[in-house]
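Trainee: I have a protein model open and I'm not sure how to read it. Can you walk me through it?

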Amino acid sequence: MNIEIDDKSGFCFGVVHAIGEAEKALSESDTVYSLGDIVHNRIEVQRLERLGLKTVTHDDMPRLSGCRLFIRAHGEPPATYARARKLGIRIIDATCPVVAKLQQRVKKAYDLMQPVGGQVVILGKRGHAEVVGLTGQVGDRAIVVEGMQDLDQIDFTRPIYFLSQTTQSIALFEELGEEMKRRHTHPDRIRIADTICRQVANREDHLKEFACRFDVVIFVCGRKSSNGKVLCEVCRQANPLTHQIEEEREILPEWFAGAESVGICGATSTPKWLMTDIARHIETLDKTRNL
């Protein structure tokens, strides 16, 4: 079989920056604590854990006085930084610059909406680390919507400022924006700010073309990856023979029955080395099949 790895898949800039900062910190110390998974990819997290990275939760913070605590690319609300200062924890801040800019925009949007009785609405996945960080900028006084079914939370007689989590679908964001305008008593009172990261969003069209070129597509991403779910579905719509995996042991040989080509791609949280390992595994399966 012809096996090809998508050259545009893999870590986005924000994740590359965070991983680099973590590796630098680990080279200077035996142990660094990460507040939550540094990246939504279990295999990459395990690699860094072998280097000394320890994943902790907010509940663990009281016992980390004097330690170094890593803030991942998804960012954190201001309350986390204030608590760390109070507990004597040293912060290593690797918030993605795109996310940090969006945090500032959410605060500005809230400040604009307050005098006119407006609402800040964010397209995002509830409970996702980035979204928690965004809503925390305004004391959790923002409305989070995941799809059309959530729009009933919004008062369509009041002004709206609509933004998005950086890794959401552009098509969904635009669809919701149009529906808000349709429902609002005064559509001109809606401000729409497309805050989706283009390094992530531009992969959608590319992956549609990539997935169509192969008999079978293997999409590699962590189970927790919000971006992975979106991009895998893009691939599946283009090629129904798309299989989502987290690691090579999930691959089934029967997926490749009669296939002459396989495309391997992944999310912005998927390391290149993992896709390379999976390609080698499929090559081994192919050689075994041809014996």
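**Reading the surface, fold and cores**

Mentor: Let's start with the outside, and keep in mind that this is a predicted model. The protein exposes about 13500 Å², and carbon and sulfur atoms supply 50% of that area.

Trainee: How many positive and negative side chains does the protein have?

Mentor: There are 39 positive and 41 negative ones, and the centres of the two sets lie 6 Å apart.

Trainee: Okay, what about helices and strands: how many are in the protein?

Mentor: You'll find 10 helices and 12 strands. The radius of gyration is 21 Å, close to the 19 Å that the globule rule gives for 291 residues, so the protein is as compact as a globular protein of that length. As for its outline, the C-alpha trace spans about 75 × 55 × 25 Å along the principal axes.

Trainee: And how do I read the inside?

Mentor: Here's the general idea: in soluble globular proteins, nonpolar side chains tend to be buried together. In this case, 54% of the 291 residues count as buried.

Trainee: Which residues touch the most other members in the largest nonpolar core?

Mentor: That core has 19 residues, and the ones you want are Ile-19, Val-32, Ile-38, Val-39, Leu-53 and Phe-70. Helix H1 (13-28) and helix H2 (42-51) each supply at least two residues of this core, with H1 giving the most, 6 residues.

Trainee: Can we zoom in on one residue?

Mentor: Sure, try Leu-53. Setting aside neighbours within four places in sequence, Leu-53 is in contact with Leu-26, Val-32, Ser-34, Ile-38 and Leu-48. Apart from this core lies another, of 17 residues, including Val-216, Ile-218, Ile-264 and Met-275.

Methods. Residues are numbered from 1 along each chain as its sequence is written. This is a predicted model: local features need pLDDT of at least 70, side-chain atom pairs count only at pLDDT 80 or more; totals for chains, interfaces and linings use all residues. Side-chain values use heavy atoms; hydrogens and water are left out. Helices (H or I, at least four residues) and strands (E, at least two) are DSSP runs, numbered from the N terminus. The radius of gyration is taken over C-alpha atoms; the globule rule is 2.2 Å times the number of residues to the power 0.38. Buried means under 20% relative accessible area, exposed over 50%, partly exposed in between (1.4 Å probe, protein chains only). Accessible areas come from the Shrake-Rupley method with a 1.4 Å probe; for residues, only the protein chains shown count as cover. Lys and Arg count as positive and Asp and Glu as negative; His and the chain ends are not counted. The place of a charge is taken as NZ of Lys, CZ of Arg, CG of Asp or CD of Glu. A nonpolar core is a set of buried Ala, Val, Leu, Ile, Met, Phe, Trp, Tyr and Cys residues joined through side-chain atoms within 4.5 Å. Contact means heavy atoms within 4.5 Å.
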